[in-house]
Amino acid sequence: MIKNENSDREAKVLAQHICMSVFKARRVIDQIRGRSYEETLMILELMPYWASYPILKLVYSAAANASHNMGLNEADLFISKAEVNKGAIVKKLRPRARGRSYMIKKTTCHIKIFLKEK
């Protein structure tokens with residue numbers, strides 16, 4: 001069996017410590033997993049969620065990595081893998097009444113996107 005040398009190459013991008021909940025990011029990532037690059041861009045631009053903007057920037061970055069570093073054609077790319085993992089929790093104290101404090105927990109997430117050529 002002859003193996004194509006371009007078939008196993010994939011461009012990846014990783015964004016760490018994005019200030020967003022894992023569940024909100026997964027809701028968007030599940031919609032774009034396995035789709036082509038152009039279809040993904042249309043979906044993310046029209047999606048009403050706030051989480052779609054950082055993911056759109058990541059998809060642009062992954063496509064730029066694929067075309068510039070590996071010489072892959074952007075029209076033939078599709079999202080082979082996309083995953084969202086839990087990041088660190090930023091803890092802040094907010095002053096409340098009678099000298100008490102209230103803990104604010106801001107969740108972060110790590111997003112990985114892998115692009116392959118068809």
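## Charges over aromatic rings

In this predicted model, the charged end of lysine 81 is placed over the ring of phenylalanine 114, at 4.6 Å from the ring centre. A second such arrangement involves arginine 27, which lies over the face of tyrosine 49 at a distance of 4.0 Å from the centre of the ring.

Pairs formed between aromatic rings themselves are absent: the structure holds zero of them.

## Helix H1

Helix H1 spans residues 22-32, and its buried residues are Val22, Ala25, Val28, Ile29 and Ile32. Viewed down the helix axis, these buried residues fall within an arc of 135 degrees, so they line one face of H1. In an α-helix there are 3.6 residues a turn, so residues three or four places apart point the same way. The buried residues of H1 pack against two helices, H2 (37-46) and H3 (52-69), and against two strands, E2 (77-95) and E3 (101-117).

At the start of H1, the backbone nitrogen of phenylalanine 23 has a side-chain oxygen of serine 21 within 3.3 Å. Following the helix comes glycine 34, with a positive phi near 85 degrees.

## Tyrosine 102

Tyrosine 102 belongs to strand E3. Its relative accessibility is 47%, and because partly exposed residues are those between the buried limit of 20% and the exposed limit of 50%, tyrosine 102 counts as partly exposed.

Leaving aside residues up to four places away in sequence, tyrosine 102 touches Lys92, Leu93, Arg94 and Arg96. For one of these contacts, lysine 92, the C-alpha atom is separated from that of tyrosine 102 by 8.3 Å, the two residues being 10 apart along the chain.

Conventions: Residues are numbered from 1 along each chain as its sequence is written. This is a predicted model: local features need pLDDT of at least 70, side-chain atom pairs count only at pLDDT 80 or more; totals for chains, interfaces and linings use all residues. Side-chain values use heavy atoms; hydrogens and water are left out. Buried means under 20% relative accessible area, exposed over 50%, partly exposed in between (1.4 Å probe, protein chains only). Helices (H or I, at least four residues) and strands (E, at least two) are DSSP runs, numbered from the N terminus. The arc is that of the directions from the helix axis to the C-beta atoms. Contact means heavy atoms within 4.5 Å. A polar contact is a pair of N or O atoms within 3.5 Å; within protein, one must be able to donate a hydrogen and the other to accept it, and residues adjacent in sequence count only if both atoms are side-chain atoms. Rings of Phe, Tyr and Trp (its six-membered ring) pair if their centres lie within 6.5 Å; planes under 30 degrees apart count as stacked, over 60 as edge-to-face and the rest as tilted. A charge sits over a ring if NZ of Lys or CZ of Arg is within 6 Å of the ring centre and within 35 degrees of the ring normal.
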